[in-house]
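Here is a guided walk for anyone meeting these chains for the first time. Have a look at the picture, and then we will go through it together.

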Amino acid sequence: MTLATATENREMRRRGGIPGLSVAIVLSALVGLWTAAPAAAEGERIHIELIVSLLSDSPGEIDPRAARLAAKLERKIRFGSLKVLESRDLDLGIDDVGGTKLPNGRAVQVKPLLVDSKGALLAVVLEGSMDTQLRVKSEHLVVLGPQKHGDGQLVVSLEPHF
Amino acid sequence: MTDDERLTLEAYHDGELGGLARWRMERRLARSSQLRAELDELRNQRDLLGTLDEAWDEPGPAEVEGNWAAIAVALPAIDAQVDAAPVSPRAEASEPAGAPEWLRWRWAAPVAAAAAALALAIVVGRTPPAPEVPLAASAPIASGGAVRYLDTAGRSVMVIEEAQEDLTILWMMDEA
């Protein structure tokens with residue numbers, strides 16, 4: 001082996017190492033992006049306004065805390081009065097569970113499953129009534145019920161904000 | 001459903017609605033599972049009536065012509081029988097003994113089929129529309145609205161989707 005050939009060999013080995021290093025860098029970047037993307041989604045949080053109301057056929061007042069709910073409901077559901085029993089603000093991340101106990105002993109639970117450009121996918125369980133998943137945009141009002149309670153009916157409303 | 005609504009739905013089914021009316025009906029169908037059920041019922045009824053029409057094998061012109069020709073051939077023999085009979089010529093002529101068997105019974109099958117089809121059409125036409133039964137769901141729902149899955153353990157639930165108002169109502173019918 002001549003000196004020139006040895007030099008050439010070293011040069012070739014040096015050159016051969018650069019593509020390998022580039023590939024490693026690119027792969028590392030891809031791995032970083034791959035692991036980073038879910039983390040960004042998991043960081044999403046949803047604020048849900050949960051209201052438990054009691055509807056009654058008897059004429060009466062509409063609780064001002066649920067004026068917007070009443071205005072939307074009265075076009076679809078007939079009732080005489082609406083009283084807010086509980087109003088709760090839930091701040092949930094993906095797969096976090098939030099909810100409340102109803103006056104009749106049953107529970108309502110909400111779990112955000114996904115948030116993306118199309119909206120949020122929420123899993124909601126109203127114990128004794130339904131198990132549902134809804135794809136909603138921000139400020140889309142969801143009303144679940146009723147459940148008989150005393151002389152009236154319990155209704156749960158959820159309004160997500162994200 | 002009112003009579004006007006039913007007429008509009010039937011017009012939609014028959015493709016008789018104009019652009020704006022058809023668009024309105026399609027929006028209502030997208031929002032109302034009851035309306036979609038009514039449309040399906042209407043389609044089923046129309047399909048049934050269509051099969052009844054196909055079941056009745058109406059004789060074509062060639063067959064009719066052939067039948068008259070056969071009658072013309074048999075007439076002289078019938079006339080001879082009538083002339084020869086001393087008593088009750090009308091009773092004899094009502095059942096011509098010389099007429100072939102197939103001539104007597106040729107029309108029996110289509111007449112019977114027509115009678116059966118008519119009777120069935122009357123029954124179907126008088127069948128009251130399906131009662132407005134709300135949805136009983138326990139499955140994924142491909143409604144295009146907010147609800148993607150709903151399980152009520154078989155209990156009836158009414159789903160009201162108002163996309164323009166950003167509102168979805170899930171209403172248990174047996175608690176209402």
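The paragraphs below begin with chain B, move on to its meeting with chain A, and end with a few spots inside chain A.

A word before we start: what you see is a predicted model. Let us take chain B first. Its secondary structure consists of seven helices and three strands. If you follow the chain along its sequence, the order is α-α-α-α-α-α-α-β-β-β, so the helices precede the strands in the numbering that runs from the N terminus. Chain B has 176 residues, and 23% of them are buried. Among its contacts between residues at least 6 apart in sequence, 36% bring together residues at least 24 apart.

Now turn to the place where the two chains touch. How many residues of each chain are in contact with the other? On the chain B side there are 21, and they meet 27 residues of chain A. Together the two chains bury about 2,200 Å², with 56% of that area on carbon and sulfur atoms. Three residues are worth finding here: B:Leu170, B:Trp171 and B:Glu175 supply 28% of the area that chain B buries against chain A, more than any other three residues.

Polar partners play a part in this contact as well. Between chain B and chain A there are 16 residue pairs in polar contact, counting pairs with both residues at pLDDT 80 or more. Which elements of chain B supply at least two residues each to the side that touches chain A? They are β2 (147–162) and β3 (167–172). The largest share comes from β2(B), with nine residues. Sorted by class, this side of chain B has 11 nonpolar, two polar and eight charged residues. The two chains also share two salt bridges. One to look for joins B:Glu162 to A:Lys76, where the closest N and O atoms are 2.6 Å apart.

The strands meet across the chains too. β7(A) and β3(B) pair in the parallel sense, over five bridges. Within this pairing, A:Leu144 has B:Leu170 as its bridge partner in β3(B). You have met B:Leu170 already, as one of the three residues that supply 28% of the area chain B buries against chain A.

Stay with strand β7 of chain A, residues 141–149, and you will come to A:Pro146. The peptide bond leading into A:Pro146 from A:Gly145 is cis, with omega near -15°. Why stop at such details? Most peptide bonds are trans, and most residues other than glycine have a negative phi.

Chain A offers two residues to set beside that last remark. A:Asp95, in the loop between β2 (81–93) and β3 (98–101) of chain A, has a positive phi near 70°. A:Glu139, in the loop between β6 (130–136) and β7 of chain A, has a positive phi of about 70°. Are these residues buried, exposed or partly exposed? A:Asp95 is partly exposed because its relative accessible area is 48%, and A:Glu139 counts as partly exposed at 41%.

Our last stop is A:Gly93, in strand β2 of chain A. With a relative accessibility of 2%, A:Gly93 counts as buried, because the cut-off for buried is under 20%. What lies around A:Gly93? Beyond its neighbours within four places in sequence, A:Gly93 is in contact with A:Glu44, A:Arg45 and A:Pro112. A:Ile46 is 47 residues away in sequence, yet its C-alpha is 6.2 Å from that of A:Gly93.

Definitions and conventions
Residues are numbered from 1 along each chain as its sequence is written. Chains are lettered from A and ligands numbered from 1 in the order in which they are written. This is a predicted model: local features need pLDDT of at least 70, side-chain atom pairs count only at pLDDT 80 or more; totals for chains, interfaces and linings use all residues. Side-chain values use heavy atoms; hydrogens and water are left out. Helices (H or I, at least four residues) and strands (E, at least two) are DSSP runs, numbered from the N terminus. Buried means under 20% relative accessible area, exposed over 50%, partly exposed in between (1.4 Å probe, protein chains only). Contact means heavy atoms within 4.5 Å. Buried area is the accessible area (1.4 Å probe) that two parts lose on being put together, summed over both. A salt bridge is a side-chain nitrogen of Lys or Arg within 4 Å of a carboxyl oxygen of Asp or Glu. A polar contact is a pair of N or O atoms within 3.5 Å; within protein, one must be able to donate a hydrogen and the other to accept it, and residues adjacent in sequence count only if both atoms are side-chain atoms. Ala, Val, Leu, Ile, Met, Phe, Trp, Tyr, Cys and Pro count as nonpolar, Asp, Glu, Lys and Arg as charged, and the others, Gly among them, as polar. Two strands pair if DSSP finds at least two bridges between them.
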